[in-house]
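Thanks, everyone, for making the time. I would like to walk through one model with you, taking a helix at a time before turning to how the chains are arranged.

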Number of protein chains: 2
Amino acid sequence: MSSTYQSFTPPRRVLMGPGPSDVPERILQAMARPTIGHLDPAFIGLMDEIKELLRYAFRTENRLTMPVSGPGTVGMETCVVNLVEPGDTVLVGINGVFGGRLREMVLRAGGKVVEVRAPWGRALDVEDVRRTLDEHPDVKVVAFVHAETSTGARTDAEAIARVAREHGCLTLVDAVTSLGGSPVLTDAWGLDMVYSGSQKCLSCTPGLSPITVSERAVERIRHRIRPVQSWFMDLNLVMAYWEGEGMQRAYHHTAPINPLYGLHEALLMLYEEGLEQAWERHKRMHLGLTAGLEALGLSFFVPEEERLWQLNAIVVPEGVDEKKVRMQLLEEYQLEIGAGLGDMAGTIWRIGLMGYSARVENVYHCVEALGKTLQAQGWKASVQEALEAVEVELASFTS
Amino acid sequence: MSSTYQSFTPPRRVLMGPGPSDVPERILQAMARPTIGHLDPAFIGLMDEIKELLRYAFRTENRLTMPVSGPGTVGMETCVVNLVEPGDTVLVGINGVFGGRLREMVLRAGGKVVEVRAPWGRALDVEDVRRTLDEHPDVKVVAFVHAETSTGARTDAEAIARVAREHGCLTLVDAVTSLGGSPVLTDAWGLDMVYSGSQKCLSCTPGLSPITVSERAVERIRHRIRPVQSWFMDLNLVMAYWEGEGMQRAYHHTAPINPLYGLHEALLMLYEEGLEQAWERHKRMHLGLTAGLEALGLSFFVPEEERLWQLNAIVVPEGVDEKKVRMQLLEEYQLEIGAGLGDMAGTIWRIGLMGYSARVENVYHCVEALGKTLQAQGWKASVQEALEAVEVELASFTS
């Protein structure tokens, strides 16, 4: 044990990895406000506003819309253990790490898994899903990842949800990386359970997982035969706290007060900007970054029409020491970008443009820092030309 | 949906309920520092310090000592689902709400429960535990609550752990309300899995649950026959992130960065004060509060020798509208005290003296506010005399 400890002073980073993203000072300051009790009338009012603002972000009227008190992984597991009963057959789409994690959770909840796979870096194929559902009429739930954080691929959630509905299945959708950064139209697309995370395109600190649940799914959860295996995640119990009226709310667990201050502020900022405007900003920054990285001679891992704006997977050029590049970016430019995860370790970088990180200065900083770092490893490209390419691309929007 | 939303400005409360407790400005400010990534080398250093400081707080050398990314309830469930396999018999001590919750979690994990009950407001009886273990040689785990937050009763964890060990059982101990406020000697008492919460005597914001696990328990978890039912709570996976060496740590979930800044600061403050000094402070404040409340003519729910210093359950006097009293304390004195929970609803108040809330000004504030509020309901007592009783009691320590 050290003989002396000191307060922790974190370095100031530019966060362009797969999350957390940069947290605006406004949100950090909100988190530092005085703590109050989780049953305080003033806190109950905050909870109500958070629910309303989350409905705005999720584009839904779902009554059961709230933040789960844990990271996105808890949101994922909450959806799985509530919607899936032992013995239920679940179609799981797997095209990256998080689809694989869904599969694992369904199995641990006692479900049977029917897999639909797509190559890493590609979207799930809607016709594959249709064919598989035709072959497996016992499937009750279709679970998949809308925005695969491990690869940057965007799956057509609307089309898959339509096919699922045609087969009488409910949908369970990972929108951890999409919510707030690109369209997630819960009601228009007919999604049944959607979970997300606070630290991606909402730019809040990690640790909270917004979820929304359709009436169909609520009904199924209310009429489960067996209790949910997790007491903490049992929505039948959680609802009594988040859905109770006024002071009649039942204590379930102590809500993470200050992080919820932060989430409220983050949602308020999204509301002030406007959801469509936020999507548009993510798209513009993505196109600006794309222009710069392509001018540097780098290539994307995901085909253009399946790319997420907010998570850009770049192929590590041959002969480049990918880890050394990331370390150098961190040390010399205070820039964090993500490594490849799982099967993609060592072969791609993941550059996030999420929430507050999706801004003009970050795009330039990333192109310049990455360009110079690659040059130092012998990569032939003009950083100046790349920055000009960014400028041209971004100017095409402002004109 | 409201047409206008504003940043949330919480009222300034004095938090003397069952948690959260008052959070010092130092800790709030720590939480507002810039967010960095969960795999950033600087963050890895912070994680190491948090583990060391938690070992200090838990009085343990256990390697596996870390904060779980969720409220105390997640700590509880993490311990249960890792230590208990389907079919295992678990002795559960039940003398309040949280013992009952342990029972429910063991059942949902597929365990069989043998109950040892004590009346609410009383400690568990060690001889009852011994007798029950003699009668049930199949019990593998003894689970109980050290500090029952619903009643303010303290059970003799050392004695129960000894009996459990004599019967070849591991212990699973709820120290949510005790850690940092009164002795929790993990190694000296031979406890195997202990969980706590950040928002009680550590005075951090709610949302993190420190746990510590003995080598015996780690071995059992490593050699489970079936995987842990929860993917998120599976310590075999969590360990790879919190226990990995340096940059080799495996990603499991995104840690709640800023709340962990807060926990680090809270543990640092405990370390600076000294653990024994913190216990002593909680004891003194408890005796001061006791003198004041007894001078007001109020009585305690728990017998003196079984009382927790940090959670004081007071019997609501006959004829007093307990809810009105709490509402008035909140509105007129900004003072939060707790209602009774479960079977105790309406019959007791729970007054917390936890962490930063356990200080002289709070003791006076509480005695004065509660005295005046009761007087307004026709209660006959002298607030002045009660405050003098506090003064005499507190002076006996400083002399």
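**Two helices and a pair of chains**

In helix 12 of chain B, the residues that count as buried are Val325(B), Arg326(B), Leu329(B) and Leu330(B). Looking down the axis of this helix, these buried residues fall within an arc of 130°, so they line one face of the helix. Please keep in mind throughout that this is a predicted model.

The face of helix 12 of chain B that is turned away from the buried side carries the exposed residues Lys324(B), Glu331(B) and Glu332(B), while the cover over the buried residues includes strand 12 (335-339) and helix 13 (360-376) of chain B. As for length, the twelve residues of helix 12, 322-333, should span 16 Å at 1.5 Å a residue, and the end C-alpha atoms are 16 Å apart, which agrees. Just after helix 12 of chain B comes Gln334(B), with a positive phi of about 55°.

Now to helix 3 of chain A, residues 72-83, where the expected span is 16 Å and the end C-alpha atoms lie 17 Å apart, which again agrees. Here twelve of the twelve residues are buried, so helix 3 of chain A is largely enclosed by the rest of the structure; among them are Met76(A), Glu77(A) and Asn82(A).

Finally, how are chain A and chain B related? A rotation of 180° with 0.0 Å of shift along its axis superposes chain B on chain A, at an RMSD of 0.0 Å. The two copies are thus related as by a two-fold rotation axis. Moreover, 100% of the interface residues of chain B are also interface residues in chain A, so the copies meet through the same surface.

Conventions: Residues are numbered from 1 along each chain as its sequence is written. Chains are lettered from A and ligands numbered from 1 in the order in which they are written. This is a predicted model: local features need pLDDT of at least 70, side-chain atom pairs count only at pLDDT 80 or more; totals for chains, interfaces and linings use all residues. Helices (H or I, at least four residues) and strands (E, at least two) are DSSP runs, numbered from the N terminus. The expected span of a helix is 1.5 Å times one less than its number of residues. A residue is buried if 20 or more other C-beta atoms lie within 10 Å of its own, exposed if 12 or fewer, and partly exposed in between; C-beta atoms are placed from the backbone. Copies are superposed by least squares on the C-alpha atoms of residues with pLDDT of at least 70 in both. Two residues are in contact if their C-beta atoms, placed from the backbone, lie within 7 Å. The arc is that of the directions from the helix axis to the C-beta atoms.
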